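Got your viewer open and a selection tool ready? Follow the stops below in order and click along as you go.

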Amino acid sequence: MNVNRTTIFRLRQRLHETNTVRDRPRSGRPRCTTQRQDRNLVRNHMNNRFLSASASSRHIRERNIQRISANTVRRRLSCSVIRARRPYIGSILAQRHRHQRTLWAQEQVA
């Protein structure tokens, strides 16, 4: 299994004590979103890559009664290795247009 012996021992001990090998509840603040909500959030961002975190939090707030901050959305997306995208604002030029622009710039310099 390519796992340390103590890991197997601890899992066996936990199974004997609690009849399950799931993690026990930890101390600390509980998460405000469930795993299902996190998956929906990731799916929405995969469908619309240019959606901002604040817009996404407003969208979630409209669908659910729960309030989620934009920072929470950023953290959830970061855990899923989704990075922010920005649409390209410049003009998309064909190769012929780029060549004509270069010729024009060279004429202006000369």
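**Stop 1: Cys32.** Start by selecting Cys32, which sits in the loop between H1 and H2. Is Cys32 buried, exposed or partly exposed? Its relative accessible area is 32%, so Cys32 counts as partly exposed. Now show its neighbours: leaving out residues up to four places away in sequence, Cys32 touches Gln37, Gln66, Thr72 and Arg76. For a distance check, pick Ser52 as well; the C-alpha atoms of Cys32 and Ser52 are 20 Å apart in space, with the two positions 20 residues apart in sequence numbering.

**Stop 2: colour by confidence.** Before going further, please keep in mind that this is a predicted model. Switch the colouring to pLDDT: the mean for the protein is 86, and 99% of its residues reach 70 or more. Which helix has the lowest confidence, and which the highest? H3 is lowest, at a mean of 83, while helix H5 (residues 95-109) is highest, at 92.

**Stop 3: H2 against H4.** Select these two helices and turn the view until you can see both axes. Two packed helices are described by the angle between their axes and the distance between the axes. Here H2 and H4 have axes 10 Å apart and pack at an angle of about 85°. This angle falls within the range of 65 to 115 degrees, so H2 is roughly perpendicular to H4. Show side chains at the meeting place: H2 brings Asp38, Leu41, Val42 and His45, and H4 brings Val73, Arg76 and Leu77. Colour the contact of H2 with H4 by class and you will find four nonpolar residues, one polar and two charged.

**Stop 4: H3 against H4.** Keep H4 (residues 70-79) and swap in H3 (residues 53-63); their axes come within 8 Å and cross at roughly 105°. How are H3 and H4 oriented to each other? That crossing makes H3 roughly perpendicular to H4. On the H3 side, select Ala53, Ser54, Ser56 and Ser57; on the H4 side, select Ala70, Val73 and Arg74. The residues of this contact split into three nonpolar, three polar and one charged.

**Stop 5: the nonpolar core.** Next, show as spheres the nine residues of the largest nonpolar core: Leu41, Val42, Ala53, Ile60, Ile68, Ala70, Val73, Leu77 and Ile82. Helix H2 (35-47), H3 and H4 each supply at least two residues of this core. Which helix gives the most? H4 does, with three residues. While you are here, click on Ile60: not counting residues up to four places away in sequence, Ile60 touches Leu41, Gln66 and Ile68.

**Stop 6: two backbone spots.** Finish with a look at the torsions. Most residues other than glycine have a negative phi, and most peptide bonds are trans. Asn19 has a positive phi, near 60°, though it is not a glycine. Look for Asn19 in the loop between helix H1 (5-18) and H2. With a relative accessible area of 68%, Asn19 is exposed.

Then jump to Val81, in the loop between H4 and H5. Val81 is likewise a residue other than glycine with a positive phi, near 60°. Is Val81 buried or exposed? Its relative accessible area is 60%, which means Val81 is exposed.

Conventions. Residues are numbered from 1 along each chain as its sequence is written. This is a predicted model: local features need pLDDT of at least 70, side-chain atom pairs count only at pLDDT 80 or more; totals for chains, interfaces and linings use all residues. Side-chain values use heavy atoms; hydrogens and water are left out. Axes are lines fitted to C-alpha atoms, for helices over the stretch in contact, and angles run from 0 to 180 degrees between N-to-C directions. Helices (H or I, at least four residues) and strands (E, at least two) are DSSP runs, numbered from the N terminus. Angles under 35 degrees count as roughly parallel, over 145 as roughly antiparallel, 65 to 115 as roughly perpendicular and the rest as oblique. Contact means heavy atoms within 4.5 Å. Ala, Val, Leu, Ile, Met, Phe, Trp, Tyr, Cys and Pro count as nonpolar, Asp, Glu, Lys and Arg as charged, and the others, Gly among them, as polar. pLDDT is the predictor's confidence in each residue, from 0 to 100. A nonpolar core is a set of buried Ala, Val, Leu, Ile, Met, Phe, Trp, Tyr and Cys residues joined through side-chain atoms within 4.5 Å. Buried means under 20% relative accessible area, exposed over 50%, partly exposed in between (1.4 Å probe, protein chains only).
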